[in-house]
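Let's take a walk through a protein together, going from the whole chain down to single residues. Keep the picture open beside you as you read.

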Amino acid sequence: MLVVCFLGIFGCYFLYGILQETITKAKYGNEGEKFHYTLSLVFVQCIINAFFAKIGMVVTREHGRTPRRLSALCSLSYLGAMLASNHSLQHVSYPTQVLGKSIKPIPVMILGVLVAGKRYPAAKYLFVLMIVLGVALFMYKDQKGPAASSSAAQAEDHHVVGTGEILLLISLTLDGLTGASQDKMRAEHRTGATSMMFNVNIWSVLWLAIGLVVSAEIFEFVPFVGRYPHVLVNMLLFSVCSAAGQMFIFKTVTTFGPLTCSIFTTTRKFFTILCSIAYFGHPMSARQWLGTILVFIGLTLDNMYGKAARKAEKTS
(Lines give C-alpha, C1' and ligand atoms only; values in the text may rest on other atoms or scores of the structure.)
Protein backbone atom coordinates (compact mmCIF):
# COMPACT_ATOMS: atom_id res chain seq x y z
CA MET A 1 0.00 0.00 0.00
CA LEU A 2 2.90 2.37 0.74
CA VAL A 3 4.26 2.00 -2.81
CA VAL A 4 0.80 2.42 -4.34
CA CYS A 5 0.26 5.65 -2.41
CA PHE A 6 3.64 7.02 -3.49
CA LEU A 7 3.12 6.20 -7.19
CA GLY A 8 -0.39 7.62 -7.12
CA ILE A 9 0.78 10.89 -5.59
CA PHE A 10 3.72 11.11 -7.99
CA GLY A 11 1.72 10.52 -11.19
CA CYS A 12 -1.24 12.73 -10.36
CA TYR A 13 0.80 15.66 -9.15
CA PHE A 14 3.25 15.45 -12.03
CA LEU A 15 0.39 16.30 -14.42
CA TYR A 16 -1.04 18.68 -11.83
CA GLY A 17 2.17 20.72 -11.80
CA ILE A 18 2.39 21.01 -15.58
CA LEU A 19 -1.23 22.15 -15.82
CA GLN A 20 -0.87 24.58 -12.92
CA GLU A 21 2.05 26.34 -14.57
CA THR A 22 0.27 26.34 -17.92
CA ILE A 23 -2.80 28.02 -16.42
CA THR A 24 -1.09 30.59 -14.21
CA LYS A 25 1.93 31.52 -16.33
CA ALA A 26 0.39 31.61 -19.82
CA LYS A 27 -0.47 34.85 -21.63
CA TYR A 28 -3.95 34.86 -23.09
CA GLY A 29 -5.04 36.56 -26.31
CA ASN A 30 -3.29 39.20 -28.39
CA GLU A 31 -3.11 41.54 -25.41
CA GLY A 32 -1.29 38.96 -23.30
CA GLU A 33 -3.78 38.83 -20.43
CA LYS A 34 -2.66 37.05 -17.27
CA PHE A 35 -4.63 34.64 -15.10
CA HIS A 36 -5.28 36.30 -11.73
CA TYR A 37 -8.26 34.27 -10.54
CA THR A 38 -6.80 32.22 -7.70
CA LEU A 39 -10.08 31.92 -5.78
CA SER A 40 -11.87 30.62 -8.87
CA LEU A 41 -9.14 28.10 -9.63
CA VAL A 42 -9.15 26.69 -6.10
CA PHE A 43 -12.98 26.77 -6.03
CA VAL A 44 -13.19 24.47 -9.06
CA GLN A 45 -10.44 22.33 -7.57
CA CYS A 46 -12.25 21.86 -4.25
CA ILE A 47 -15.57 21.02 -5.96
CA ILE A 48 -13.93 18.23 -7.96
CA ASN A 49 -12.06 17.06 -4.85
CA ALA A 50 -15.32 16.84 -2.88
CA PHE A 51 -17.04 15.00 -5.75
CA PHE A 52 -14.30 12.38 -5.93
CA ALA A 53 -14.31 12.01 -2.16
CA LYS A 54 -18.08 11.46 -2.10
CA ILE A 55 -17.73 8.68 -4.67
CA GLY A 56 -15.00 7.16 -2.52
CA MET A 57 -17.24 7.28 0.54
CA VAL A 58 -20.02 5.48 -1.31
CA VAL A 59 -17.68 2.81 -2.66
CA THR A 60 -15.95 2.16 0.66
CA ARG A 61 -19.14 2.71 2.73
CA GLU A 62 -17.16 5.06 4.90
CA HIS A 63 -18.88 7.55 7.17
CA GLY A 64 -17.30 10.65 8.68
CA ARG A 65 -16.92 10.77 12.45
CA THR A 66 -15.03 14.03 12.78
CA PRO A 67 -16.73 16.93 14.60
CA ARG A 68 -17.84 19.64 12.20
CA ARG A 69 -15.92 22.31 14.07
CA LEU A 70 -12.62 20.47 13.58
CA SER A 71 -13.32 19.91 9.87
CA ALA A 72 -14.25 23.58 9.42
CA LEU A 73 -11.07 24.78 11.14
CA CYS A 74 -8.92 22.31 9.20
CA SER A 75 -10.48 23.51 5.94
CA LEU A 76 -9.44 27.10 6.69
CA SER A 77 -5.76 26.22 7.04
CA TYR A 78 -5.97 23.79 4.09
CA LEU A 79 -7.65 26.42 1.93
CA GLY A 80 -5.31 29.21 2.99
CA ALA A 81 -2.27 27.09 2.15
CA MET A 82 -3.59 26.36 -1.35
CA LEU A 83 -4.52 29.99 -2.03
CA ALA A 84 -1.16 31.31 -0.86
CA SER A 85 0.72 28.68 -2.85
CA ASN A 86 -1.23 29.30 -6.06
CA HIS A 87 -1.01 33.08 -5.73
CA SER A 88 2.75 32.92 -5.16
CA LEU A 89 3.10 31.90 -8.82
CA GLN A 90 2.20 35.47 -9.74
CA HIS A 91 5.51 36.51 -8.17
CA VAL A 92 7.98 33.60 -8.37
CA SER A 93 8.84 30.90 -10.90
CA TYR A 94 7.31 27.44 -10.59
CA PRO A 95 10.60 25.72 -9.61
CA THR A 96 11.01 28.31 -6.83
CA GLN A 97 7.48 27.63 -5.61
CA VAL A 98 8.03 23.88 -5.66
CA LEU A 99 11.38 24.03 -3.84
CA GLY A 100 9.96 26.48 -1.31
CA LYS A 101 7.15 24.07 -0.52
CA SER A 102 9.72 21.29 -0.06
CA ILE A 103 10.38 22.40 3.52
CA LYS A 104 6.84 21.37 4.39
CA PRO A 105 8.15 18.67 6.81
CA ILE A 106 9.41 21.49 9.06
CA PRO A 107 6.03 23.01 10.03
CA VAL A 108 4.47 19.53 10.01
CA MET A 109 7.03 18.36 12.57
CA ILE A 110 6.93 21.52 14.71
CA LEU A 111 3.15 21.77 14.83
CA GLY A 112 2.85 18.00 15.14
CA VAL A 113 4.87 18.25 18.37
CA LEU A 114 3.01 21.32 19.66
CA VAL A 115 -0.54 20.37 18.64
CA ALA A 116 -0.61 16.57 18.36
CA GLY A 117 2.09 15.79 20.95
CA LYS A 118 4.21 13.76 18.51
CA ARG A 119 7.94 13.06 18.97
CA TYR A 120 10.57 12.52 16.28
CA PRO A 121 14.15 11.13 16.50
CA ALA A 122 17.15 13.45 16.21
CA ALA A 123 18.20 11.95 12.86
CA LYS A 124 14.97 13.09 11.25
CA TYR A 125 15.65 16.67 12.32
CA LEU A 126 19.12 16.41 10.75
CA PHE A 127 17.73 15.23 7.41
CA VAL A 128 15.08 17.94 7.41
CA LEU A 129 17.82 20.51 8.11
CA MET A 130 19.57 19.33 4.93
CA ILE A 131 16.35 20.00 3.04
CA VAL A 132 16.14 23.50 4.50
CA LEU A 133 19.73 24.29 3.54
CA GLY A 134 19.09 23.06 0.01
CA VAL A 135 16.02 25.24 -0.32
CA ALA A 136 17.94 28.23 1.06
CA LEU A 137 20.67 27.75 -1.57
CA PHE A 138 18.07 27.52 -4.30
CA MET A 139 16.00 30.53 -3.27
CA TYR A 140 18.83 32.92 -2.35
CA LYS A 141 19.03 35.74 -4.88
CA ASP A 142 22.43 37.11 -5.85
CA GLN A 143 22.77 40.85 -5.44
CA LYS A 144 24.91 41.08 -8.57
CA GLY A 145 24.06 38.72 -11.35
CA PRO A 146 23.72 38.59 -15.12
CA ALA A 147 21.80 41.39 -16.72
CA ALA A 148 18.11 40.72 -16.51
CA SER A 149 15.99 40.72 -19.61
CA SER A 150 13.51 43.18 -18.15
CA SER A 151 13.23 45.81 -15.43
CA ALA A 152 10.92 43.48 -13.46
CA ALA A 153 13.54 40.72 -13.52
CA GLN A 154 16.21 43.21 -12.39
CA ALA A 155 14.03 44.29 -9.48
CA GLU A 156 13.52 40.66 -8.48
CA ASP A 157 17.28 40.00 -8.46
CA HIS A 158 17.87 42.74 -5.88
CA HIS A 159 15.79 41.40 -3.03
CA VAL A 160 16.08 38.29 -0.93
CA VAL A 161 12.52 37.91 0.34
CA GLY A 162 9.63 39.26 -1.70
CA THR A 163 5.89 38.81 -1.98
CA GLY A 164 6.16 35.35 -3.50
CA GLU A 165 8.49 34.09 -0.79
CA ILE A 166 6.27 35.50 1.96
CA LEU A 167 3.25 33.76 0.44
CA LEU A 168 5.20 30.50 0.42
CA LEU A 169 6.08 30.93 4.11
CA ILE A 170 2.41 31.53 4.88
CA SER A 171 1.45 28.46 2.87
CA LEU A 172 4.01 26.32 4.71
CA THR A 173 2.80 27.47 8.11
CA LEU A 174 -0.79 26.68 7.19
CA ASP A 175 0.33 23.29 5.83
CA GLY A 176 1.75 22.57 9.27
CA LEU A 177 -1.54 23.44 10.94
CA THR A 178 -3.42 21.28 8.43
CA GLY A 179 -1.09 18.34 9.05
CA ALA A 180 -1.50 18.64 12.80
CA SER A 181 -5.30 18.82 12.47
CA GLN A 182 -5.36 15.79 10.18
CA ASP A 183 -3.20 13.85 12.60
CA LYS A 184 -5.64 14.68 15.38
CA MET A 185 -8.57 13.52 13.24
CA ARG A 186 -6.80 10.25 12.51
CA ALA A 187 -5.67 9.58 16.09
CA GLU A 188 -8.63 10.80 18.15
CA HIS A 189 -11.61 10.38 15.83
CA ARG A 190 -10.46 7.53 13.53
CA THR A 191 -11.40 9.61 10.50
CA GLY A 192 -11.16 7.69 7.23
CA ALA A 193 -9.35 8.97 4.13
CA THR A 194 -12.34 9.75 1.93
CA SER A 195 -14.51 11.22 4.68
CA MET A 196 -11.65 13.49 5.75
CA MET A 197 -11.17 14.59 2.16
CA PHE A 198 -14.89 15.22 1.64
CA ASN A 199 -15.45 17.16 4.85
CA VAL A 200 -12.42 19.40 4.43
CA ASN A 201 -13.14 20.16 0.77
CA ILE A 202 -16.87 20.75 1.20
CA TRP A 203 -16.14 23.32 3.91
CA SER A 204 -13.54 24.87 1.60
CA VAL A 205 -16.16 25.19 -1.16
CA LEU A 206 -18.40 27.06 1.26
CA TRP A 207 -15.66 29.51 2.30
CA LEU A 208 -14.62 30.05 -1.33
CA ALA A 209 -18.18 30.70 -2.51
CA ILE A 210 -18.44 33.46 0.06
CA GLY A 211 -15.04 34.82 -0.95
CA LEU A 212 -15.87 34.87 -4.68
CA VAL A 213 -18.99 36.96 -4.08
CA VAL A 214 -17.49 39.30 -1.48
CA SER A 215 -14.36 39.96 -3.56
CA ALA A 216 -16.42 40.18 -6.80
CA GLU A 217 -13.84 37.94 -8.50
CA ILE A 218 -16.58 35.77 -9.95
CA PHE A 219 -17.81 38.69 -12.06
CA GLU A 220 -14.38 39.04 -13.67
CA PHE A 221 -13.65 35.34 -14.00
CA VAL A 222 -16.79 34.44 -15.98
CA PRO A 223 -16.06 36.96 -18.80
CA PHE A 224 -12.42 35.77 -18.85
CA VAL A 225 -13.56 32.17 -19.43
CA GLY A 226 -15.93 33.46 -22.11
CA ARG A 227 -12.97 34.97 -23.95
CA TYR A 228 -10.67 31.99 -23.45
CA PRO A 229 -12.82 28.85 -22.94
CA HIS A 230 -9.82 26.52 -23.20
CA VAL A 231 -8.65 27.73 -19.78
CA LEU A 232 -11.71 26.09 -18.22
CA VAL A 233 -10.74 22.76 -19.82
CA ASN A 234 -7.26 23.07 -18.31
CA MET A 235 -8.78 23.98 -14.95
CA LEU A 236 -11.00 20.89 -15.01
CA LEU A 237 -8.08 18.61 -15.95
CA PHE A 238 -5.98 20.28 -13.27
CA SER A 239 -8.75 19.67 -10.73
CA VAL A 240 -9.19 16.01 -11.70
CA CYS A 241 -5.46 15.45 -11.21
CA SER A 242 -5.74 17.25 -7.87
CA ALA A 243 -8.72 15.13 -6.79
CA ALA A 244 -7.06 11.85 -7.69
CA GLY A 245 -3.88 13.01 -5.96
CA GLN A 246 -5.89 14.06 -2.91
CA MET A 247 -7.36 10.57 -2.66
CA PHE A 248 -3.86 9.15 -2.41
CA ILE A 249 -2.74 11.93 -0.05
CA PHE A 250 -5.58 11.44 2.40
CA LYS A 251 -5.10 7.68 2.24
CA THR A 252 -1.43 8.19 3.08
CA VAL A 253 -2.26 10.62 5.91
CA THR A 254 -4.82 8.32 7.53
CA THR A 255 -2.67 5.19 7.11
CA PHE A 256 0.90 6.39 7.62
CA GLY A 257 0.56 9.92 9.07
CA PRO A 258 1.06 13.46 7.69
CA LEU A 259 4.88 13.45 7.93
CA THR A 260 5.17 10.42 5.63
CA CYS A 261 2.74 12.10 3.27
CA SER A 262 4.76 15.32 3.23
CA ILE A 263 7.94 13.36 2.42
CA PHE A 264 6.18 11.63 -0.48
CA THR A 265 4.86 14.86 -1.93
CA THR A 266 8.23 16.56 -1.53
CA THR A 267 10.05 13.75 -3.35
CA ARG A 268 7.80 14.02 -6.38
CA LYS A 269 8.42 17.79 -6.45
CA PHE A 270 12.10 17.20 -7.28
CA PHE A 271 11.12 15.41 -10.47
CA THR A 272 8.43 18.00 -11.21
CA ILE A 273 11.12 20.69 -11.08
CA LEU A 274 13.23 18.82 -13.62
CA CYS A 275 10.27 18.48 -15.97
CA SER A 276 9.30 22.14 -15.53
CA ILE A 277 12.84 23.26 -16.35
CA ALA A 278 12.94 21.07 -19.45
CA TYR A 279 9.42 21.93 -20.65
CA PHE A 280 9.21 25.64 -19.84
CA GLY A 281 12.91 26.51 -20.08
CA HIS A 282 13.48 27.99 -16.61
CA PRO A 283 17.14 29.06 -16.13
CA MET A 284 19.03 27.38 -13.27
CA SER A 285 22.37 28.44 -11.77
CA ALA A 286 24.99 26.01 -10.42
CA ARG A 287 24.06 27.08 -6.87
CA GLN A 288 20.40 26.30 -7.50
CA TRP A 289 21.27 22.87 -8.87
CA LEU A 290 23.38 22.24 -5.75
CA GLY A 291 20.46 23.26 -3.54
CA THR A 292 18.07 21.01 -5.48
CA ILE A 293 20.41 18.03 -5.16
CA LEU A 294 20.90 18.68 -1.43
CA VAL A 295 17.13 18.64 -0.95
CA PHE A 296 16.88 15.34 -2.78
CA ILE A 297 19.72 13.79 -0.75
CA GLY A 298 18.04 14.87 2.49
CA LEU A 299 14.76 13.31 1.39
CA THR A 300 16.45 10.08 0.31
CA LEU A 301 18.30 9.70 3.61
CA ASP A 302 15.12 10.43 5.53
CA ASN A 303 13.24 7.75 3.61
CA MET A 304 16.06 5.22 4.13
CA TYR A 305 16.16 5.99 7.86
CA GLY A 306 12.38 5.69 8.11
CA LYS A 307 12.44 2.24 6.51
CA ALA A 308 15.24 1.09 8.81
CA ALA A 309 13.38 2.35 11.88
CA ARG A 310 10.19 0.54 10.86
CA LYS A 311 12.10 -2.73 10.34
CA ALA A 312 13.72 -2.34 13.76
CA GLU A 313 10.31 -1.85 15.37
CA LYS A 314 8.95 -5.00 13.72
CA THR A 315 11.89 -7.17 14.81
CA SER A 316 11.96 -5.85 18.39
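Of the 316 residues in this protein chain, 50% count as buried. Keep in mind that what you see is a predicted model. The chain has 13 helices and 0 strands, so the string of elements from the N terminus on reads α-α-α-α-α-α-α-α-α-α-α-α-α. The accessible surface of the chain comes to about 15200 Å², and 68% of that area belongs to carbon and sulfur atoms. Contacts tell us about the fold too: among those between residues at least 6 apart in sequence, 84% join residues at least 24 apart.

Now let's go inside. In soluble globular proteins, nonpolar side chains tend to be buried together. Here, the largest nonpolar core has 47 residues. The residues with the most contacts inside this core are I23, Y28, F35, C46, F224, V231 and M235. Several helices build the core: α1, α2 (38-60), α3 (68-88), α9 (193-215), α10 (218-227), α11 (230-256) and α12 (258-280) each supply at least two of its residues. The largest share, 9 residues, comes from α2. Apart from this core lies another one, of 13 residues, including L89, L99, V135 and I273.

To get a feeling for the larger set, find V231 in your view. Which residues does V231 contact, leaving aside its neighbours within four places in sequence? They are I23, Y28, F35, F224 and V225. A little further along the chain you come to N234, which is placed in helix α11. Is N234 buried or exposed? With a relative accessibility of 18%, N234 counts as buried, because the limit for that label is under 20%. Not counting residues up to four places away in sequence, N234 touches L19, T22 and I23. I23 is also on the list of V231's contacts.

Next, look at the cysteines. A disulfide is a covalent bond between the sulfur atoms of two cysteines. How many disulfides does a search of the whole structure find? The count is 0. C12, which sits in helix α1, makes a good example. The closest cysteine sulfur to that of C12 is in C241, 6.4 Å away, and this is too far for a bond. To count as a disulfide, the two sulfur atoms would have to be within 2.5 Å. Both cysteines are buried: C12 has a relative accessibility of 16%, and C241 has 12%. Even without a bond, C12 is in contact with C241, along with A244, G245 and F248, when neighbours within four places in sequence are left aside. C12 also shows how a fold can bring together parts of a chain: its C-alpha atom is separated by 10.0 Å from that of R268, although the two residues are 256 apart along the chain.

What about charges? Side chains of opposite charge can pair when their charged atoms come close. The structure holds 1 salt bridge, in which the side chains of R227 and E33 meet at 3.0 Å, N to O. This pair links distant parts of the chain, with R227 in helix α10 and E33 in the loop between α1 and α2, 194 residues apart. Both partners count as partly exposed, R227 at 43% relative accessibility and E33 at 21%.

Another loop deserves a visit. T66 is placed in the loop between α2 and α3. T66 is buried, with a relative accessible area of 10%. Which residues does T66 touch, not counting those up to four places away in sequence? The answer is S71, M185, H189 and T191. The C-alpha atoms of T66 and E188 are separated by 9.0 Å, while the two residues lie 122 apart along the chain.

Let's finish on the outside. M1, V4 and F256 make a nonpolar surface patch of about 290 Å². V4 belongs to helix α1, which covers residues 2-25. At 48% relative accessibility, V4 counts as partly exposed, because the label exposed applies over 50%.

Conventions
Residues numbered from 1 in each chain as written. Predicted model: local features only at pLDDT ≥ 70, side-chain atom pairs only at ≥ 80, totals over all residues. Heavy atoms only, no water. Patch = residues over 30% accessible without salt bridge, like charges linked within 9 Å, V, L, I, M, F, W, Y side chains within 5 Å. Areas by Shrake-Rupley, 256 points an atom, 1.4 Å probe, with all protein chains shown as cover. Salt bridge = Lys/Arg side-chain N within 4 Å of Asp/Glu carboxyl O. Helix = DSSP H or I, 4+ residues; strand = E, 2+ residues; numbered from the N terminus. Buried < 20%, exposed > 50% of the residue type's maximum accessible area, 1.4 Å probe, protein only. Core = buried A, V, L, I, M, F, W, Y, C linked by side-chain atoms within 4.5 Å. Contact = heavy atoms within 4.5 Å.
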